[in-house]
Protein chains: 2
Amino acid sequence: MAEKVTIATVARHARVSRQTVSNVLNAPHIVREETRRRVQEAITALGYRANQAARQMRTGRSRLFAVRIEPTRDGINGSVLDRFLHGLTETADAAGYRVMLYTATGDDDEIATFDDLLGAYDLDGFVLTGTDHGDPRTAWLAQRGVPFVTFGRPWDDPESHPWVDVDGAAGTAQATQRLLDAGHRRIAFIGWPEGSGVGDDRRAGWRTTMAAAGLDGAAPCRATEDGIAQGEREMRELLATDDPPTAVVCVSDSLALGALRAVRDTAVPVAVTGFDDTPVAAAIGLTSVSQPLAAAAGRCVELLTGLLDGQPTDPHVLLSPTLVLRHTA
Amino acid sequence: MAEKVTIATVARHARVSRQTVSNVLNAPHIVREETRRRVQEAITALGYRANQAARQMRTGRSRLFAVRIEPTRDGINGSVLDRFLHGLTETADAAGYRVMLYTATGDDDEIATFDDLLGAYDLDGFVLTGTDHGDPRTAWLAQRGVPFVTFGRPWDDPESHPWVDVDGAAGTAQATQRLLDAGHRRIAFIGWPEGSGVGDDRRAGWRTTMAAAGLDGAAPCRATEDGIAQGEREMRELLATDDPPTAVVCVSDSLALGALRAVRDTAVPVAVTGFDDTPVAAAIGLTSVSQPLAAAAGRCVELLTGLLDGQPTDPHVLLSPTLVLRHTA
């Protein structure tokens, strides 16, 4: 193994004091951003790792988060949470925390698991992925004073707990505006059934953009469960109408992929956009809205460690997605 | 929340004694397979969860594994280890274990992390994903008597430690045989540079199958780093030769996707197969070799918990992949 890298090595490399390096590791919020960045770069360049056991003794904390992992799914959209998990583990690691995984079959089961994990492992907190209307899990954690942050807004009351989210409506608005700018007027939307916070938010971005262009009457809207076959079916039905759309904004890459299959043989090309910029979108050239997943994971870690350090940062973080242009729109 | 499910509830449902349920949870190897399966089914059906803290006190173990997670990558092949991780967490959960994640930038860094984690978290063991020639990580763990299992064979000495792997050579042999049966004779291989255990194994399956058909002379073989662009370039070069192949077996879906781009406009259709049956392969109709990842994860957990219980099962598990036929071959 290479020579042992210590705090002193990092301090020398970053041209700061050892105390500053220690601050970056244990109380990053008190260090100026530019200095923090320089120290972080030195830490990365040198491959420095704080001794976890020593740190744990010092802080009296386990420095351990838990996050749920979903069952294996057939996979186009599942990659979003996987990418978030990679980002979360990397950022947590850099902040001296580890991530523990658990599975759960539903809200009740997840709450039972919280109880189990808190009893067994002395966890510092939870990162929940996804939230729903009337989420019983966040209420359970809040009642017990367990620190947590959600990746996803609490749809009923945005003030109720700390969260990080991506502005889905802004994403579909960008996609819709892009199609309007290209001259499209009949722009359809294929979404999920009403009632899911994420799906409704993405639909709203398309609807308000169409309304702002005075085109809400010309905007057919479909709702279906997620899936390639479902997207293909909805698109075929849209194409069979008297005044078929010339473009479609889809709530997910799976539905967009299905829509693409339906428009393969149309006389006039139909533009299609997806959502989540999955590896499949990249592979087939699908224009899609990309969530800043690494940034979202980083902000979740920042928020949670801030809560643990008694130095909470802005507790509601809404990040902007970007439209990745490819061949389909 | 629903009524609390206890060991007694599970016992009643599975028509066994409470002691048997307890044995399934704590010493599954002493329970007959048929009984174990019935109890597991009852556990799943009822959503039973053992109280982790109580169990930990009883067994004196933390019931915690650690597994490395790779940095986010651009994503076609990364999904393989993600799917393995989902399977691992699910199976570990069912066996009463949790999974902790860590990251590492290389072997030395990973060994330093082992040290760190063992000092801080009282881990029961590690699941290593991937092994290489002369792997220093397995030697480090073995020297210290830390229980571990690798998903991937130790290429230098298959007897050196417990492992689970998928027979890559059998996968490419199936793909090659399928192409031979369809009448192809000039079947190329696009692989990774020599020296990686996994890549060399997959190449060997193609080579021996061609040799068995008396066609090794007619088998052009290319090696490149992984990637879509690389696959496209290698395939274009193969097509530009005097006697171009009519089919190609690729070591990965990324390279296969690139090869597909290169053959899009050929006069005679060229058959292409990939490896790993990624979501991209499913989305674009690429014939690909599928690894039984959930089974591999399950066997890893079985092996590791067997070691911990002092009841090791067969320590070397080689699973067979299957060829998933789609449109490209």
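What follows is a short chat about a predicted model and how its two chains are arranged.

Student: Before we start, what are the ground rules for this model?
Tutor: The model is predicted, so local features need pLDDT of at least 70 and side-chain atom pairs count only at pLDDT 80 or more, while totals for chains, interfaces and linings use all residues. Residues are numbered from 1 along each chain as its sequence is written, chains are lettered from A, and side-chain values use heavy atoms, with hydrogens and water left out.

Student: How can chain B be laid on chain A?
Tutor: A turn of 180° and a shift of 0.1 Å along the axis lay chain B on chain A with an RMSD of 0.2 Å, the superposition being by least squares on the C-alpha atoms of residues with pLDDT of at least 70 in both. The two copies are thus related as by a two-fold rotation axis.

Student: And which residue of chain B comes closest to the rotation axis?
Tutor: That is Met100(B), whose C-alpha is at 2.1 Å from the axis.

Student: Through which surface do the copies meet?
Tutor: They meet through the same surface, because 100% of the interface residues of chain B are also interface residues in chain A.

Student: What about the sheet, in what order do the strands run?
Tutor: The open sheet has 12 strands in the order 11(A)-5(A)-4(A)-3(A)-1(A)-2(A)-2(B)-1(B)-3(B)-4(B)-5(B)-11(B), with mixed pairing; strands are DSSP runs of E, at least two residues, and helices are runs of H or I, at least four, and two strands pair if DSSP finds at least two bridges between them. The edge strands are strand 11 (316–319) of chain A and strand 11 (316–319) of chain B, each pairing on one side only.

Student: In which sense do strands 1 and 2 of chain A pair?
Tutor: Strand 1 (residues 64–68) and strand 2 (residues 98–102) of chain A pair in the parallel sense over five bridges, and Arg68(A) has Tyr102(A) as its bridge partner in strand 2 of chain A.

Student: Switching to helices, how do 10 and 11 of chain A cross?
Tutor: The axes of helix 10 (residues 228–239) and helix 11 (residues 253–263) of chain A come within 6 Å and cross at roughly 45°, where axes are lines fitted to C-alpha atoms over the stretch in contact and angles run from 0 to 180 degrees between N-to-C directions.

Student: Which kinds of residue make that contact?
Tutor: The residues of the contact between helix 10 and helix 11 of chain A divide into eight nonpolar, four polar and three charged, with contact meaning heavy atoms within 4.5 Å; Ala, Val, Leu, Ile, Met, Phe, Trp, Tyr, Cys and Pro count as nonpolar, Asp, Glu, Lys and Arg as charged, and the others, Gly among them, as polar.
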